[in-house]
Amino acid sequence: MTSLELQLAELSGMSPAQLRARWRDCWRKPAPDIGPDQLRRGIAWKLQSRIYGDVPRHIKRELECTADRLRRGEEPLSTKRPSLKPGTRLVRSWQGRVHRVLVLGDGYEHDGRRFSSLTQVATAITGTHCSGPNFFGLKKRNGVSRAGQ
């Protein structure tokens with residue numbers, strides 16, 4: 001059993017006071033007013049993220065946007081974001097060169113490199129940060145998708 005697995009297994013036998021102390025060690029701040037099960041889950045997530053990595057920034061932003069939409073009573077999924085099926089090919093001409101991007105199940109492929117977001121692809125192509133959906137003409141304007149025009 002690995003060190004992480006041992007730490008995760010210990011969580012199930014901890015008292016609420018022990019969990020709050022462990023939370024403070026992991027998160028470096030006092031535990032929120034939540035139950036022991038949520039404390040265990042939060043601690044487990046933090047321990048695992050130290051080894052396997054945190055949630056990518058673009059996913060965090062999407063989760064925050066989804067939480068905001070839910071708080072406002074709206075649908076959790078934005079209708080403004082383009083939905084691309086795996087296997088879709090995006091083609092964009094930039095400075096005399098044609099760029100082809102393959103949509104994967106978990107990201108994008110361009111020039112033999114994998115990217116987790118379309119914005120990363122657009123940034124790699126242009127050399128400056130820019131919106132991937134805008135760069136590839138997928139952003140909706142006034143409710144009309146440019147890709148469908």
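This is a short walk through one protein model, from its overall layout down to a few residues.

Okay, so one thing up front: what you're looking at is a predicted model. Please keep that in mind for everything I say.

Let's start with the overall layout. We've got 6 helices and 6 strands in this protein. If you read along the sequence, the order goes α-α-α-α-β-β-β-β-α-α-β-β. So there's a run of helices, then a run of strands, then helices and strands again.

How much of it is buried? Of the 149 residues, 26% count as buried. As for the surface, the accessible area is about 10,600 Å², and carbon and sulfur atoms hold 50% of that. And on contacts: take those with a separation of 6 or more, and 23% of them are between residues 24 or more positions apart.

Right, on to the strands. β1 covers residues 89-94 and β2 covers residues 97-104, and the two pair in the antiparallel sense over 6 bridges. If you want a spot to anchor your eye, find Ser93, which stands opposite Val98 in β2. The hairpin between β1 and β2 has 2 residues between the strands.

One of the residues to look at there is Gln95, in the loop between β1 and β2. Its phi is positive, near 50°, and Gln95 isn't a glycine. Is Gln95 buried or exposed? It's exposed, because its relative accessibility is 71% and the cut-off for exposed is over 50%.

Now follow β2 onwards. β2 also pairs with β3, residues 107-110, again in the antiparallel sense, this time over 4 bridges. Here you can use Val101, which sits opposite His110 in β3. Another hairpin makes the connection, with 2 residues joining β2 to β3.

While we're talking about positive phi, let me jump back to Arg28. That one is in the loop between α2 and α3. Arg28 has a phi of about 60°, so again a positive value without being a glycine. Arg28 is exposed too, with a relative accessible area of 74%.

Arg28 brings us to the tryptophans. By the ring-pair criterion, the count for this model comes to 4 aromatic pairs. Take Trp23 and Trp27: their ring centres are 5.2 Å apart and their planes are at 20°, so that pair is stacked. Why do they sit about one helical turn from each other? Because they're 4 residues apart in helix α2. On burial, Trp23 is at 8% relative accessibility, so it counts as buried, while Trp27 is at 24% and counts as partly exposed.

Trp27 then has a second partner. Trp27 and Trp45 form a stacked pair, with 5.9 Å centre to centre and 15° between the planes. This one links distant parts of the chain: Trp27 is in helix α2, Trp45 is in helix α3, residues 36-52, and the two are 18 residues apart. Trp45 is partly exposed, at 37% relative accessible area. Put it together and the ring pairs link Trp23, Trp27 and Trp45 into a cluster.

Staying with helix α2, residues 16-27, there's also Asp25. Asp25 is exposed, with a relative accessible area of 52%. How far is Asp25 from Ile43, C-alpha to C-alpha? That's 9.4 Å, for two residues 18 apart along the chain.

Next up, Thr126, in helix α5, which spans residues 118-126. Thr126 has a relative accessible area of 19% and counts as buried, because the cut-off is under 20%. A polar atom of the Thr126 side chain lies 2.8 Å from the backbone oxygen of Thr128. And if you leave aside neighbours within four places in sequence, Thr126 is in contact with Trp94 and Phe135. Trp94, by the way, belongs to β1, since that strand runs over residues 89-94.

Last stop, the cysteines. How many disulfides turn up in a search of the whole structure? The search gives 0 disulfides. For two cysteines you can look up yourselves, Cys65 is partly exposed at 38% relative accessible area, and Cys130 is buried at 19%.

That's my tour, thanks for listening.

Definitions and conventions:
Residues are numbered from 1 along each chain as its sequence is written. This is a predicted model: local features need pLDDT of at least 70, side-chain atom pairs count only at pLDDT 80 or more; totals for chains, interfaces and linings use all residues. Side-chain values use heavy atoms; hydrogens and water are left out. Buried means under 20% relative accessible area, exposed over 50%, partly exposed in between (1.4 Å probe, protein chains only). Contact means heavy atoms within 4.5 Å. Accessible areas come from the Shrake-Rupley method with a 1.4 Å probe; for residues, only the protein chains shown count as cover. Two strands pair if DSSP finds at least two bridges between them. A polar contact is a pair of N or O atoms within 3.5 Å; within protein, one must be able to donate a hydrogen and the other to accept it, and residues adjacent in sequence count only if both atoms are side-chain atoms. A disulfide is a pair of cysteine sulfur atoms within 2.5 Å. Rings of Phe, Tyr and Trp (its six-membered ring) pair if their centres lie within 6.5 Å; planes under 30 degrees apart count as stacked, over 60 as edge-to-face and the rest as tilted.
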